[in-house]
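Please open the model in your viewer and keep the selection panel at hand. The tour moves from one selection to the next and says what is found at each stop.

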Amino acid sequence: MTEDGTGAVAEPSQRLVARIIDILIVGVPVGLGATELFPRETAQRVVAPIAFAVIFFLYEAVQLAVWGRTVGKRLTGLRVVSVTGRRPTVVQALIRAAIYALPPAARPVPILNVLAGIFWLVENGLVFEGSYRQALHDRLAGTLVIDVRPPAPGAVEPAPGPVEEEPGEPDLIDEPESEQP
């Protein structure tokens, strides 16, 4: 946890709002573009799901690798960190993004569509299991989603969570005998 009290594990509701924002940012332009370029039936059943999966994968992987957060996470005060508290590595960002983005690509295949839907429910349902609220994509990538907003005045201090180390900053140690400021 940082000195200002930020860094608690994110609430599932915060994560949901962030994900909805990210899906809208990618999904609306993809859907509109697909229906402009292809016949409506083909756009909705084949082109849009596959294009969404590819673009969402790139959208999420690049932003997580560079900033540790997507636009939706930035707007909701969330950040993705590795379990060590640092910014996710490129490999972690790729794994996390792939697990979340691939199920929509299965939509054109009827049986895979059903399996992908079940997978997505189970994958995200894991957020409610365990104290770190990790979905499957977090567990396999070795990441956590934390709330980096400052606590409200007079609020009870949140449970400790990992800390992201910013480049050039010294590690903050929560030990009383520490000589660090």
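Which residues form one aromatic cluster? In this predicted model, the cluster is made up of Phe52, Phe56, Tyr59, Tyr100 and Trp120, so select these five residues together and show their side chains as sticks.

**Inside the aromatic cluster**

The count of aromatic pairs comes to four. Begin with Phe52 and Phe56, whose rings form a stacked pair with 5.2 Å from centre to centre and 20° between the planes. Both residues belong to helix H2 (residues 40-67), and because they are four residues apart in that helix, about one helical turn separates them. If you colour by accessibility, Phe52 and Phe56 should each appear as buried.

Next, select Tyr100 and Trp120, which form an aromatic pair of the edge-to-face kind, with 5.3 Å between the centres and 65° between the planes. This pair links distant parts of the chain, since Tyr100 lies in helix H4 (residues 90-105) and Trp120 in helix H5 (residues 110-125), 20 residues apart. Is Tyr100 buried or exposed? Tyr100 is buried, its relative accessible area being 6%, whereas Trp120, with a relative accessible area of 24%, is partly exposed; the cut-off for buried is under 20%, so the value of 24% places Trp120 outside that class.

While Tyr100 is still selected, add Arg19, which lies over the face of the Tyr100 ring at 3.7 Å from the ring centre.

**The sheet**

Now switch to a cartoon view and select the strands, three of which form an open sheet in the order S1-S3-S2 with antiparallel pairing. Strand S1 (8-9) and strand S2 (78-82) stand at the edges, and because each has a single partner strand, one side of each is left without a neighbour in the sheet.

Select S2 together with strand S3 (residues 143-147), and follow the antiparallel pairing over five bridges. Along this pairing, Ser82 has Thr143 of S3 as its bridge partner, and Val80 stands opposite Val145 in S3. Then replace S2 with S1, which pairs with S3 in the antiparallel sense over two bridges; here the bridge partner of Ala8 is Asp147 in S3.

Finally, keep S3 alone and look at its two faces. In a regular strand the side chains alternate between the two faces of the sheet. In S3, Thr143, Val145 and Asp147 are on one side and Leu144 and Ile146 on the other, and all of these residues are buried, so that both faces are covered.

Note on methods. Residues numbered from 1 in each chain as written. Predicted model: local features only at pLDDT ≥ 70, side-chain atom pairs only at ≥ 80, totals over all residues. Heavy atoms only, no water. Pairing = 2+ DSSP bridges. Buried < 20%, exposed > 50% of the residue type's maximum accessible area, 1.4 Å probe, protein only. Phe/Tyr/Trp six-rings, centres within 6.5 Å; stacked < 30°, edge-to-face > 60°. Lys NZ or Arg CZ within 6 Å of the ring centre and 35° of its normal.
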